[in-house]
Amino acid sequence: AVVSTQSTGNNIIVSATVLSILILPTDAATNLDSTATSYITPKPYLVIIIASLIGLGDCGFTIVIYSLVGLVFAEDTAAGFGLMNCAFCIFYAPAMFVVQYISVHVWLYFQQGVVLFMGLITTIGLKKYLSQ
């Protein structure tokens with residue numbers, strides 16, 4: 001069930017990323033007064049759909065990460081979850097610094113690559129761990 005949650009979460013995140021690329025202008029991250037056009041005209045209901053998809057995808061991804069940490073650190077879960085939160089913060093800070101200097105589309109492509117790579121690694125890790 002956890003592995004299917006991971007693949008469902010990845011599919012939802014891919015859908016949200018594609019919609020985000022279509023709705024956001026290329027200079028949205030670096031220019032707040034952007035007049036650039038996007039592929040699709042932004043509408044409030046599209047933004048709500050994208051936000052909902054991102055939330056659902058993140059939920060599925062987080063469930064798998066928490067399950068994997070709980071399995072690997074079964075004897076000392078506090079240390080495992082502390083290490084996971086520390087790693088999130090270590091990777092989040094540079095990402096927030098870099099995002100202001102690059103195109104939002106480049107950032108979304110990079111983010112999508114990381115999410116798919118992490119999804120693959122966690123799926124392989126869970127399958128190997130559960131098969132033991």
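Which helix is I50 found in? Here are some notes to help you find your way, starting with that residue.

1. I50 is found in helix α2. Keep in mind as you read that this is a predicted model. I50 counts as buried, because its relative accessibility is 9%, under the 20% cut-off. Leaving aside neighbours within four places in sequence, I50 is in contact with A16, L19, S20 and I23. You could also look at the pair I50 and I12: they are 38 residues apart in sequence, and their C-alpha atoms are 9.7 Å apart in space.

2. Now for the overall plan. The protein has four helices and zero strands, and from the N terminus on its elements run α-α-α-α. Helix α1 covers residues 2–23. After that come α2 (44–72), α3 (77–98) and α4 (104–131).

3. S20, one of the contacts of I50, is found in helix α1. Is S20 buried or exposed? S20 is buried, because its relative accessible area is 7%, and buried means under 20%. If neighbours within four places in sequence are set aside, the residues in contact with S20 are I50, I54 and L108.

4. T17 is also worth a visit, and its place is in helix α1. With a relative accessibility of 9%, T17 counts as buried. Not counting residues up to four places away in sequence, T17 touches L108 and Q112. L108 therefore appears twice in these notes, as a contact of T17 and as a contact of S20, both of them buried by the 20% cut-off.

5. Next, the largest pocket, which has a volume of about 1400 Å³. Of the 33 residues lining this pocket, the closest to its centre are F61, F88, Q111, V114 and V115. The elements that give two or more residues to the lining are α1, α2, α3 and α4. What classes of residue make up the lining of the largest pocket? By class, there are 26 nonpolar, six polar and one charged residues.

6. A word on the cysteines: the count comes to zero disulfides. Why does C86 not form one with C89? C89 holds the closest cysteine sulfur to that of C86, but the distance is 6.9 Å, too far for a bond, because a disulfide needs the two sulfur atoms within 2.5 Å. As for exposure, C86 counts as partly exposed at 41% relative accessibility. C59 is likewise partly exposed, with a relative accessible area of 43%.

7. Finally, some totals for the protein as a whole. Of its 132 residues, buried ones make up 27%. The protein exposes about 8500 Å², and carbon and sulfur atoms supply 71% of that area. Among contacts between residues at least 6 apart in sequence, 72% join residues at least 24 apart. The contact between S20 and I50 is a good one to look up in the structure, with S20 in helix α1 and I50 in helix α2.

Technical notes
Residues are numbered from 1 along each chain as its sequence is written. This is a predicted model: local features need pLDDT of at least 70, side-chain atom pairs count only at pLDDT 80 or more; totals for chains, interfaces and linings use all residues. Side-chain values use heavy atoms; hydrogens and water are left out. Buried means under 20% relative accessible area, exposed over 50%, partly exposed in between (1.4 Å probe, protein chains only). Contact means heavy atoms within 4.5 Å. On a 1 Å grid over the protein atoms alone, a cavity is a set of points where a 1.4 Å probe fits but cannot get out, and a pocket is an open set with protein on both sides within 12 Å along at least five of seven lines; lining residues have an atom within 4 Å of a point. Grid points are joined across faces, edges and corners, and a volume is the space filled by probe spheres set on the points. Ala, Val, Leu, Ile, Met, Phe, Trp, Tyr, Cys and Pro count as nonpolar, Asp, Glu, Lys and Arg as charged, and the others, Gly among them, as polar. Accessible areas come from the Shrake-Rupley method with a 1.4 Å probe; for residues, only the protein chains shown count as cover.
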